[in-house]
Each structure stands twice: as structure tokens, then as C-alpha cells.
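Please open the model in your viewer, with side chains shown as sticks, and follow the stops below in order.

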Amino acid sequence: MFFAVFGFKFILILLFVFGNACLTRFGVHHSYTDASFSESLYGLRRRAAKIRTNKADIRSKSSDGIQHSGLERRQRVLSVVFLVVLPYFKSKLHSIYNKEREARLQASLWGPGEERFEDVDYFDEGEASITTRTSTEAEATMRTRLAKHIQKIIGACYPWIHATSEGLTFTYQLLYLLDATGFYSVGLHALGIHVCRATGQELMDTSSRISKIRSRERERLRGPPWLKAVQGTLLKCTYALLDYAQTGLIAAVFIFKMMEWWYQSAEERMSAPTVYPPPPPPPPPKVAKDGIPLPPDRTICPLCSQKRANPSVVTVSGFVFCYACIHKYVSQYKRCPITLMPADIEQIRRLFHDV
């Protein structure tokens, strides 16, 4: 139940925390990587793209006229917003739009819902209680009307917003594949950020910078030896937690998906209908003592003792005869010739495949 209700929010919190850890500073103990969690897994980095206007710089350096530099704090914060917050609000808008569409569909099929009188109190409890109840109902009605108006506005505007967003995303990705732009999304273009692959030198510089910061932190420890030992242990634990944060997130997501699959499979097994084996066929009807005996060859008609022509069955017993023979017999005796069970002409059925 927890995974079904809070699963999306749990993943959102993990992405927000570790996205911040990758894109922003957590004190002086963690060195940011200027990349989202998924980008850092592939060795990518975010760089601020600045277009150079100096012609000398353009001739002396790269030919595209773009200079990369580290991200500013504003760009890191907005990157987290574009990566986590906006998708969350988009999913909420999509959920509200689906509810509004279902409500419109139900209204078109069944008409608008009638007012309910479940909460009406027909007993007089005094003027004070009536006034309080009336004011509460008025506030609830106003909130309900406001919520309905907001849902209608979202239902009318969301398709256009969604189509615009998907169209821009497709256009940017297509232009990025054709090497017509260096931005593969609208958010990166708005922030002026390029996603580049980190070089080996950058990875070595990052590792050395982290080592220097941690060594300086150890040197700044003050106090008696036992206090330094405690502080050093805490620093080691903090560094280990930060070093294995990505691995921990991968393990957490894997465990979460495994638990979700496990509980979902259990719920499906509990809610699945029980499959019973098919019942055995009913036993054949008994031949009456005064009835016509069955021939040993099943392709022979019991009435004319000839091979069946236009085989037909009497539904009350299930035995097969020639159509002319059984029609004549039932018309005359009103019964099955073998079981002597009452039968009528309407209970004769033609068989189009004689087995």
C-alpha cells in the first residue's frame, strides 16, 4: 500500500535530494559535479555556454563561437527546478486533466449529477447551529466551485500546453540530432547550458580538488586527541556516504522497484479469479427397456438401420438419426425412440458435421 500511494513522491524526493547533491554544494564536504544524477552516470557535465563576440577570440579558439565555463548558482538551482519540480507539476496537471475529462465523459453519458441530500439535517438544533452549518456549507460550496472552475480551465488549456511542450521537445531533439543546435531541450536553451562529456583531465581535477578539501578539513580539527578522533570518524563516515551516494540511490531505486513488483504481484494473485477445471461431461442418457436398441455402428440410424442421411439430433436425449426418420417418428409418437423421453418437432436440430 505504501508503494502504491507514495511511490511517485518517494522517487521525487530521492531525485530532488540527489539532484541537488550533484548540482549544488552541500557545505564544504561535497564537491558538486555540475550534472544531474543520470548525466553523471554517463560521465556528462553541464557547462554554461557563452557566445563570444570578439572576432580575435573566435579565430584563435573554436570555430563555433561558444565558450564553456562552470555553472553559476542560479543555473544550478534552476536546473534542479527544470529536472524535478516542473515534471512533478506537469504530472499533477495531467492527473487533473484526466479527472476533468472523465467527469465530462460521464456527464455526456449520464447527464449532470443530481444534488445529494445525505447531509441534510431535518431536526431543529437552534439558530446558532443553523447559522454555523449554513456558513460552513457556503464556504465549502465556494471552495468546490473554485476547484471546479480551476479544473475546467486546466481541462481547456492543458492539451494546448502539452502539445506545445511535446512539439518543442521533439523539435529541439531533432535539431540536436541534425547538429543544428547545441541544446537538446527548451530548458537548457533558456538557461544557456550545454551538456558535454567530461574529459579525463576534468575527472582527475575533480578528484584532486576533493582530496585537497578533505585534507584541509582534517587539518582544521581542534581539541584534545579523543575529540579529534571522534571528529575524524564523523568526517570519514560523511565522506563515505557522499562517495557512495550514487550507488546507494541506484540500490534504493532497485529495491523500491523490486518491492513494488513483489506487492503488485501479490495483489494480482489475491485479486485474480480462481480458475477451476472444466466440469466433466454429463453421462449419456440410458436406453429405455421398450426403446429401440442402439446399433453397434454409430454411423447407422437406429430407426432405418441404414447409414444416416441428413443427420439430426433430438435435443432431449442427444442421439442422432436420419432427419426424415426422426421427423416422422417424433411427429407420430411425440417422444425419443431410444429413451422414450417426451419430445417435439421443434426439438430436432440438423447436424452439419457428422462425427
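**A tour of the salt bridges**

Begin by selecting Arg220, which counts as exposed at 57% relative accessibility, and keep in mind while looking at the side chain that this is a predicted model. Now add Glu217 to the selection: the side chains of Glu217 and Arg220 meet in a salt bridge, with 3.1 Å from N to O. Glu217, for its part, is buried, with a relative accessible area of 12%, so this partner falls under the 20% cut-off for that class.

Next, move to helix α4, where Arg104 and Glu100 both lie, four residues apart, which is about one turn of the helix. Select the two side chains together and you will find a salt bridge between Arg104 and Glu100, at 3.9 Å from N to O. Which of the two classes, buried or partly exposed, applies to Glu100? At 9% relative accessibility, Glu100 counts as buried, whereas Arg104 is partly exposed, with a relative accessible area of 40%.

For the last stop, select Lys90 and Glu166, which form a salt bridge whose closest N and O atoms are 3.2 Å apart. This pair links distant parts of the chain, since Lys90 sits in helix α4 (residues 73-110) and Glu166 in helix α5 (residues 127-177), 76 residues apart. Colouring by accessibility here should show Lys90 as partly exposed, with a relative accessible area of 32%, and Glu166 as partly exposed too, at 37%.

With these stops the tour is complete, as the count comes to three salt bridges under the 4 Å rule.

Methods. Residues numbered from 1 in each chain as written. Predicted model: local features only at pLDDT ≥ 70, side-chain atom pairs only at ≥ 80, totals over all residues. Heavy atoms only, no water. Helix = DSSP H or I, 4+ residues; strand = E, 2+ residues; numbered from the N terminus. Buried < 20%, exposed > 50% of the residue type's maximum accessible area, 1.4 Å probe, protein only.
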